Amino acid sequence: MQRFMITDTSDVVRKVGKRILSELDFLVSEAGDSREALMRCQAEMPDYLIVDAGMEGALELIASIRAMPDGKDVKIYYCVIEADLRKLMAGKRAGATDFLLKPFDRKILTAIFGNRAAAA
């Protein structure tokens, strides 16, 4: 089973994402801030990670994960509320694999990740 971590300051976003992704057969963990996410990644690196762009330390978290031994293999989705080119480029420079627009829902998460859990 592939591991997925949602890092977002919003309890609601984490809970909704966890419910949807768990139904897609991911083993989902949550982190409410960048420090907690980094500690969890040091203990067990996820296969996929959503990082809220509005969270303090988001770019540093992405760069720190990329610098870890298994960090190059993680698919990191930088989650933004609007397609702001500067923010998207900052995420890409930090090491984000791709982007995800907020708010996301079942349709979006299923379209992006639905076939990936089964591929493991």
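User: Where is Met68 placed, in a helix, a strand or a loop?

Analyst: In this predicted model, Met68 sits in the loop between H3 and S4.

User: Why is Met68 called buried?

Analyst: Its relative accessible area is 14%. Buried means under 20%, so Met68 qualifies.

User: Which residues is Met68 in contact with, leaving aside its neighbours within four places in sequence?

Analyst: Those are Leu38, Cys41, Gln42 and Met45. To count, heavy atoms have to be within 4.5 Å. As for Val13, which is 55 residues from Met68 along the chain, the two C-alpha atoms are separated by 26 Å.

User: Cys41 is in that list. How many disulfides does the structure hold?

Analyst: Zero.

User: How do you know that Cys41 has no such bond?

Analyst: The closest cysteine sulfur to that of Cys41 is in Cys79, 16 Å away. A disulfide needs the two sulfur atoms within 2.5 Å, so this pair is too far apart for a bond. The search from the other end gives the matching result: for Cys79 the closest cysteine sulfur is in Cys41, at 16 Å.

User: Are these two cysteines buried or exposed?

Analyst: Cys41 has 2% relative accessibility and Cys79 has a relative accessible area of 1%. With the limit for buried at under 20%, Cys41 is buried and Cys79 is buried.

User: What makes a group of residues a nonpolar core?

Analyst: The members are buried residues of certain types, joined through side-chain atoms within 4.5 Å. The largest one here has 21 residues, and those touching the most other members are Leu49, Val51, Ile62, Ile65, Ile76 and Tyr78. At least two residues each come from helix H2, strand S3, helix H3, strand S4 and helix H4. The most come from H3, which gives four. Another core, of 16 residues, lies apart from this one and includes Ile6, Phe26, Tyr77 and Phe104.

User: What is Val51 in contact with, beyond its neighbours within four places in sequence?

Analyst: Its contacts include Ala58, Leu61, Ile62, Ile76 and Tyr78. Thr7 is also among them.

User: Why is the pair Asp8 and Lys102 called a salt bridge?

Analyst: The N to O distance between their side chains is 2.8 Å. The cut-off is 4 Å, so the pair counts. By this rule there are nine salt bridges.

User: What parts does the pair Asp8 and Lys102 tie together?

Analyst: Asp8 belongs to the loop between strand S1 and H1, and Lys102 to the loop between strand S5 and helix H5, so parts 94 residues apart in sequence are tied together. Both Asp8 and Lys102 are buried.

User: What makes Arg14 and Asp11 a salt bridge, and how far apart are they in helix H1?

Analyst: Their closest N and O atoms are 2.5 Å apart, and the limit is 4 Å, so the pair counts. Arg14 and Asp11 are three residues apart in helix H1, about one helical turn. Together with Lys15, Lys18 and Glu30, they are linked in a network of salt bridges.

User: Why do Arg14 and Asp11 get unlike labels for burial?

Analyst: Arg14 has a relative accessible area of 9%, and Asp11 has 47%. Buried is under 20%, exposed is over 50%, and partly exposed is in between. Therefore Arg14 is buried, whereas Asp11 is partly exposed.

Conventions:
Residues numbered from 1 in each chain as written. Predicted model: local features only at pLDDT ≥ 70, side-chain atom pairs only at ≥ 80, totals over all residues. Heavy atoms only, no water. Buried < 20%, exposed > 50% of the residue type's maximum accessible area, 1.4 Å probe, protein only.
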